[in-house]
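Biologist: I am new to this structure and would be grateful for a guided reading. May I put some questions to you once it is on display?

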Amino acid sequence: MSEDRAGYDATHIELLGEAEAVRLRPGMWLGSVGERGLHQAVFGVVEWAVNEVLGGRGERLAVTLHGGGSVRVAVSGASGVPCADDGTGLEELLTSHHPGARRCDRRRVGVGVFGNGPFLTNALSSRLTAEVRRGGTGWVRTFERGVAVGERAPVTGTDGGGDATVIDFRPDGDIFETVVCSYDALAERFRELAFLYGGLDLTLTDARRPDAPRSNRFHFPAGAADFVAFLAGTATAPAPFHFVHDDPRMNGSVEVALKWRHAPGGDHIRTFVNGWATTDGGAHLTGFHEGLRTAVAALADEHRFTPAVTAVVSVKLDHPDLTGATRRTLSGPAVHTCVADAVAEHLRSWDGPGQDQGRGQRDA
């Protein structure tokens with residue numbers, strides 16, 4: 001053994017704080033320090049806020065873009081995040097690092113690749129303030145580069161304002177190549193979430209130019225059916241074929257909406273797991289194709305039509321098995337079987353393309 005190796009001991013190991021470790025290698029956690037990584041930092045807070053709404057701890061979600069790169073995320077209408085004296089609740093959410101697989105179940109949106117949510121955003125922000133209003137009292141906590149500054153302070157004037165949690169952060173310009181978010185990129189993801197979770201009510205406002213503000217509300221009660229109508233470029237009749245099916249064999253549910261394509265071209269299918277886009281497909285996509293082939297074969301005995309579709313396949317699972325470095329592929333034979341069975345069963349009960357749904361797809 002060489003002299004250098006023999007002299008290696010614990011004094012050579014540098015112990016980093018949790019936020020400091022993230023700041024040292026930000027691209028490892030966000031995939032990029034460019035605009036894409038900046039948006040991931042925003043999504044970390046927004047997707048956490050969506051879970052507050054889905055869990056009954058909020059009713060409405062508002063995201064506002066301000067000058068200088070500042071982003072405000074407000075969850076209002078319910079209990080607000082606990083803010084205990086021992087640091088649990090709010091401070092744990094913003095300063096505690098939980099490495100490993102994302103916490104997932106069918107009632108939650110997957111938050112980022114590693115499931116760290118607001119913690120990563122806080123660590124990579126030059127400044128973040130978190131305000132909690134609960135039962136007529138309020139508290140505010142300030143952080144700089146992931147580290148708490150000063151003491152938690154009371155907020156006055158909360159009467160009549162309702163319970164809420166508000167996180168306002170400014171991404172760190174020393175970390176990111178740009179701190180200017182793309183309104184259109186954020187709107188695309190927020191619209192997608194509102195389609196996949198029909199009860200969600202989310203507003204995005206761009207206040208960076210006072211002379212030209214813009215705002216969009218994303219609220220689609222019909223869920224995936226509204227999503228397919230949007231993808232197909234029409235909200236007119238016929239309405240999309242749509243169903244939601246629970247199946248204990250995969251510990252979850254599948255929601256499918258589709259419209260037969262009237263234009264030339266192949267299928268246009270979007271797939272998701274717990275609100276997470278699976279761009280590389282997987283078991284739910286292959287199951288959908290198998291169920292569709294089974295149903296089309298049965299319908300073809302009575303109808304002649306072109307079976308190309310625009311579709312959304314969204315599964316919500318308690319224990320999703322996402323594979324690959326970017327976790328964009330869903331595995332699981334049970335998911336394949338359950339989706340295939342559900343698609344075939346529900347399409348068989350449909351009257352077929354002789355009805356309004358597929359009338360335009362019959363061959364001449």
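Biologist: How much area does the chain expose, and what percentage of it do carbon and sulfur atoms supply?

Modeller: This is a predicted model, in which local features need pLDDT of at least 70 and side-chain atom pairs count only at pLDDT 80 or more, while totals for chains, interfaces and linings use all residues. Residues are numbered from 1 along each chain as its sequence is written, and side-chain values use heavy atoms, with hydrogens and water left out. Accessible areas come from the Shrake-Rupley method with a 1.4 Å probe, and for residues only the protein chains shown count as cover. The chain exposes about 17100 Å², of which carbon and sulfur atoms supply 50%.

Biologist: What is the mean pLDDT of the chain?

Modeller: The pLDDT is the predictor's confidence in each residue, from 0 to 100. In this chain 78% of the residues reach 70 or more, and the mean is 83. Over residues 354–364, however, the pLDDT is below 50. The mean for the chain is 83.

Biologist: How many helices and strands does the chain have?

Modeller: Helices (H or I, at least four residues) and strands (E, at least two) are DSSP runs, numbered from the N terminus. On that basis the chain comes to ten helices and 15 strands.
The count asked for is therefore, by DSSP runs, ten helices and 15 strands.

Biologist: Which strands stand at the edges of the sheet of eight strands?

Modeller: Two strands pair if DSSP finds at least two bridges between them. The open sheet of eight strands has mixed pairing and the order 5-4-3-6-2-1-7-8. Each edge strand pairs on one side only, and these are strand 5 and strand 8 (214–218).

Biologist: In what sense do strand 1 and strand 7 pair, parallel or antiparallel?

Modeller: Strands of a sheet pair through backbone hydrogen bonds, either parallel or antiparallel. Strand 1 (residues 60–65) and strand 7 (residues 202–206) share five bridges, and leucine 65 stands opposite aspartate 206 in strand 7. The sense of this pairing is parallel.

Biologist: What angle does helix 4 make with strand 2?

Modeller: Helix 4 (residues 35–54) packs on this sheet and touches strand 1, strand 2 (71–76), strand 6 (164–171) and strand 7. Axes are lines fitted to C-alpha atoms, for helices over the stretch in contact, and angles run from 0 to 180 degrees between N-to-C directions. The direction of helix 4 makes with that of strand 2 an angle of about 5°.

Biologist: Why is one side of strand 9 left without a neighbour in its sheet?

Modeller: The open sheet of five strands has mixed pairing and the order 9-10-13-11-12. Strand 9 (241–247) and strand 12 stand at the edges, so one side of each has no neighbour in the sheet, because each has a single partner strand. For strand 9, an antiparallel pairing over seven bridges joins it to strand 10 (residues 252–260).

Biologist: Is serine 314 buried or exposed?

Modeller: Serine 314 lies in strand 13. Leaving aside neighbours within four places in sequence, its contacts (heavy atoms within 4.5 Å) are Leu196, Ser253, Val254, Glu255 and Phe272. Buried means under 20% relative accessible area, exposed over 50%, and partly exposed in between (1.4 Å probe, protein chains only). With a relative accessible area of 2%, serine 314 is buried.

Biologist: Where is asparagine 274 found?

Modeller: Phi of asparagine 274 is near 50°, a positive value in a residue other than glycine. Asparagine 274 is buried, with a relative accessible area of 1%. Its place is the loop between strand 11 (268–273) and strand 12 (276–277).
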